[in-house]
Every structure is written in structure tokens, then in C-alpha cells.
Amino acid sequence: MEVVAVESTNEVVCLELSGRMDTSGVERAETRFFALFAPRGVGTVIDLTKVSVLTSMGLRLIISGAKTARAKGFRIALVAPAGPVRDVLDDASIGDLLPILDDRAAARSLVQDAGGTGR
Amino acid sequence: MLPQLRRTITAELPSLRQLQRDVVAFLEEHAVPPRPSHDVQVVCDELIVNAIRYGLGARPGSRHRIEVSIAIGATIAVRIHDDLTLFDPTGYPPPFRAPSIEAAPIGGRGIALVRKATQSFRWHAEEGCNVVAAEVALTPP
């Protein structure tokens, strides 16, 4: 699993995740994910479009991030177009907990418009 | 004869990485579509990690073996055999459906994902070992 900050400003952070969000992938990339994720405390998009496999370890990372965001008062949104990764998110009812959108632009608008209100 | 992958790994997480590479290569070689390919990878990761995390205890993983076989027929049959502590994952309760992110448990979703990914998911003990057999549909239901 790889984590790249494709945007990081005082208004929004967009992280692009790619590869395997399974046990091995998350253990390798978790530290980098949180290093890029939390410091600014602004609306954050987590783009899963390039993720090839999502297991419960990947869900654990997402939920940990969402809890951190809630505690720090900023909002996050996931990007996951239709496919196996989106199916896992839907099967685990992650959409009950945080917004999941089909494209990055919509997710970016959502986290910016919402400011620090969270869900 | 059905295409089949058979591997034996030690009960250590680093061994899992090579197995994952072999599984991906096997599924690609036999042109398994994206959804069942993803489901087989989820099933392997969840069940093997579960066996190691909860079945190994303080024992050294290098002394224990996990045998994995994947056969492609009308469905994709996954069989995992290990000599770790006996545990029936099919009896694991479904996760709590939390109303908010504050109430959501961090983990505990792995077996639920296996149930979603499979047509059948069974466990039995065989000569003191765990045997899990799961079937993944090759085509969407």
C-alpha cells in the first residue's frame, strides 16, 4: 500500500491510497498515513480509487482515521467508485459512519463546505 | 484437472506476503474476474491472519505450518489447514452496527467480510488441526 498527499493546503488535504489495503499493506503504510493525515486538522479526502484489495485491516485504518478526525473536529470523506473495494465498504456499512463519494472533486467540495462540523 | 494452487507457509505474517504474490499470480494466470479475485484475496488474508493472531499465542510461528489450496472450478474453492489452537471462525458473532463513528469498534469485521465474500464457509477439526473450507462464486449472484 502506498500513500501520497496529492494536495495539502490550509483548506483541504487529499490523500491518494493505492495497492493492497490488507494486513501487510497497512502495517507497512500506517505510520505514513497518519503522518500525512492528521497534522493540519482540515477537511480530508481519502481517495481509494487505486486500491486493489480492501480487507478488515484497511477498514480498521479508515475507522481509526475517522475517529481521529472527529476528535480533532475536522471532516473526512472517502472516494471509492463502483467495484470490489466499494462493495467492501458497503458490506461493512461504512457509509453509515462517513460519506463515500464516487469522485474526488465531489468529496473535496463536501469536506470544504462542511468545515469542522463532521458527520 | 482443475487449476490448483497449493502452498505451505509458516505461521508468520512475513510468510503471508509471498503467498499473496503467488495467489495474485495464480488468479491472473487463470483470468479470474476482478470481483472473485478480490474476494479470494480477502478470504485468504482474513482467515490466515485470524489463525496467526488468535491461534498462535506465545509460540514461535516458524514451528507451525499453514497449508493453503485454491482450486478453480465452477466456483473457487479455498481450503486452509493449520496446526494452531482449535478455533471455529464460523461461530464468530457478526459485528455491532454502530450508529456513529464514536461508537464504531475499530476492528472485528474480518469474519463478516469472509461471510459476504463466500457462498459457503465451513470449519471442522481434523486430527487436532483446523480446516476451513470456503467457496467464492466465479460470477456475481
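**The interface and the cores of a predicted two-chain model**

Me: In this predicted model, how many residues of chain B are in contact with chain A?
Reply: Contact here means heavy atoms within 4.5 Å. On the chain A side 28 residues take part, and the number of chain B residues in contact with them is 28.

Me: What area do chain B and chain A bury between them?
Reply: The size of an interface is often given as the accessible area lost when the parts come together. Of the area buried here, 55% lies on carbon and sulfur atoms, and the total for chain B and chain A is about 2400 Å².

Me: Which residue of chain A forms a salt bridge with B:Arg35?
Reply: Across the interface of chain B and chain A the rule finds 5 salt bridges. In the one that B:Arg35 forms, the closest N and O atoms are 2.2 Å apart, and the partner is A:Asp87.

Me: Which helix gives the most to the side of chain B that touches chain A?
Reply: Three helices of chain B, α1 (13-29), α2 (34-55) and α3 (110-117), each supply at least two residues of the side that touches chain A. The one that gives the most, with 9 residues, is α2(B).

Me: Which element supplies the largest share of the largest nonpolar core?
Reply: This core has 41 residues, and A:Phe37 is among those that touch the most other members. Helices and strands of chain A, including β2 (12-21) and α1 (23-37), each supply at least two of its residues. The largest share, 7 residues, comes from α2(A).

Terms used:
Residues numbered from 1 in each chain as written. Chains lettered and ligands numbered in written order. Predicted model: local features only at pLDDT ≥ 70, side-chain atom pairs only at ≥ 80, totals over all residues. Heavy atoms only, no water. Buried area = accessible area lost by both parts, 1.4 Å probe. Salt bridge = Lys/Arg side-chain N within 4 Å of Asp/Glu carboxyl O. Helix = DSSP H or I, 4+ residues; strand = E, 2+ residues; numbered from the N terminus. Core = buried A, V, L, I, M, F, W, Y, C linked by side-chain atoms within 4.5 Å. Buried < 20%, exposed > 50% of the residue type's maximum accessible area, 1.4 Å probe, protein only.
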